[in-house]
Amino acid sequence: MKNPENFYQLTVNLLNERGVKLSDIEELVYGLQKAYIHPLTHEAMQESIHKILQKREVQNAVITGVELDKLAEQHKLSEPLQSIMEKDEPLYGCDEVLTFSITNLYGSIGFTNYGYIDKVKPGILKWLNDKSTGRVNVFLDDLVGAIAAAAASRLAHTNPDLEDDSIYSSPKNED
Ligand code: MG
């Protein structure tokens with residue numbers, strides 16, 4: 001598979017197959033940027049998500065992480081990884097590390113955005129973290145959070161009216 005558009009489509013298909021729609025990611029982007037960009041249009045958010053998903057390092061991270069989630073769900077991994085994945089052990093950490101290539105795309109804002117939604121777990125992230133579904137989403141929750149964080153950071157960097165300080169302040173503390 002050498003056509004870049006095929007990798008993009010494969011990535012979108014994998015996310016859909018695992019229950020994540022691009023509109024779910026857009027909702028996360030909106031939550032991250034609504035206080036800073038006016039107006040924040042669907043088109044701008046969709047374009048930003050599209051640009052992030054076109055990057056090979058993002059596609060590679062999604063392909064790798066989702067594959068491990070699926071293998072764990074099918075009980076096909078060797079021990080101790082199978083048990084670690086089933087328990088979603090908090091100290092495993094490789095799921096967060098895999099997302100660095102995504103959160104790194106648009107500078108340090110990507111890290112702060114990712115850290116914020118990883119902690120709060122809004123929208124689709126709450127569902128992905130629901131262990132009662134019997135599904136294994138050890139990597140997917142971090143990948144989705146990182147894609148949204150990077151898309152939001154890209155919007156911040158491409159908005160000429162945005163002042164740097166406002167990126168780091170909480171929406172609640174805005175005057
Ligand atoms: Mg995780």
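**Exercise 1. Find what the side chain of Arg18 pairs with, and work out what the contact joins.**

*Solution.* Start with the contact: in this predicted model, the side chains of Arg18 and Glu73 form a salt bridge, at 2.8 Å from N to O. That passes the cut-off, since a salt bridge needs a side-chain nitrogen of Lys or Arg within 4 Å of a carboxyl oxygen of Asp or Glu.

Next, place the partners. Arg18 sits in the loop between helix H1 (4-17) and helix H2 (22-33), while Glu73 belongs to helix H4 (residues 56-73), so the bridge ties together parts 55 residues apart in sequence.

Now check exposure. Arg18 has 3% relative accessibility and counts as buried; Glu73, at 25%, is partly exposed.

Finally, look for further partners: Arg18, Glu73 and Arg135 are linked in a network of salt bridges.

**Exercise 2. Take Asp88 and Lys131: how far apart are the closest N and O atoms, and where does each residue sit?**

*Solution.* The closest N and O atoms are 3.3 Å apart, and the two residues form a salt bridge. Asp88 is in the loop between helix H5 (81-87) and H6, and Lys131 is in the loop between helix H9 (124-128) and H10, so to speak distant parts of the chain, 43 residues apart.

As for exposure, Asp88 comes out at 19% relative accessible area, which makes it buried because the limit is under 20%. Lys131, at 47%, is partly exposed.

The whole structure has 6 salt bridges by this rule.

**Exercise 3. List the protein donors of the magnesium ion and say which parts of the chain they bring together.**

*Solution.* Go through the donor atoms: Asp95 (OD), Val138 (O), Asp141 (OD) and Asp142 (OD) lie 2.1 to 2.6 Å from the ion. Along the chain, their spacing reads D-x42-V-x2-D-D.

Then pick out two of them. Asp95 lies in helix H6 (residues 94-98) and Asp141 in helix H10 (residues 140-158), so this pair ties together parts 46 residues apart in sequence. Both Asp95 and Asp141 are buried.

**Exercise 4. Describe the largest cavity: what is its volume, and which residues line it?**

*Solution.* A search of the whole structure turns up 1 cavity of 30 Å³ or more. The largest cavity holds about 50 Å³ of space.

Its lining includes Asp141 and Asp142, which are also magnesium donors. Asp118 and Lys121 are among the lining residues too, and they form a salt bridge with closest N and O atoms 3.2 Å apart. The rest of the lining is Tyr114, Ile117, Leu125, Asn129 and Gly145.

Sorted by type, the lining has 3 nonpolar, 2 polar and 4 charged residues. Helix H8 (108-120) and H10 each supply at least two of them.

Definitions and conventions: Residues numbered from 1 in each chain as written. Predicted model: local features only at pLDDT ≥ 70, side-chain atom pairs only at ≥ 80, totals over all residues. Heavy atoms only, no water. Donors = N, O, S within 2.8 Å, 3.2 Å for Na, K, Ca; no water. Helix = DSSP H or I, 4+ residues; strand = E, 2+ residues; numbered from the N terminus. Buried < 20%, exposed > 50% of the residue type's maximum accessible area, 1.4 Å probe, protein only. 1 Å grid on protein atoms, 1.4 Å probe; cavity = no way out; pocket = protein on both sides within 12 Å on 5 of 7 lines; lining within 4 Å. Points joined across faces, edges and corners; volume = space filled by probe spheres on them. Nonpolar A, V, L, I, M, F, W, Y, C, P; charged D, E, K, R; others polar.
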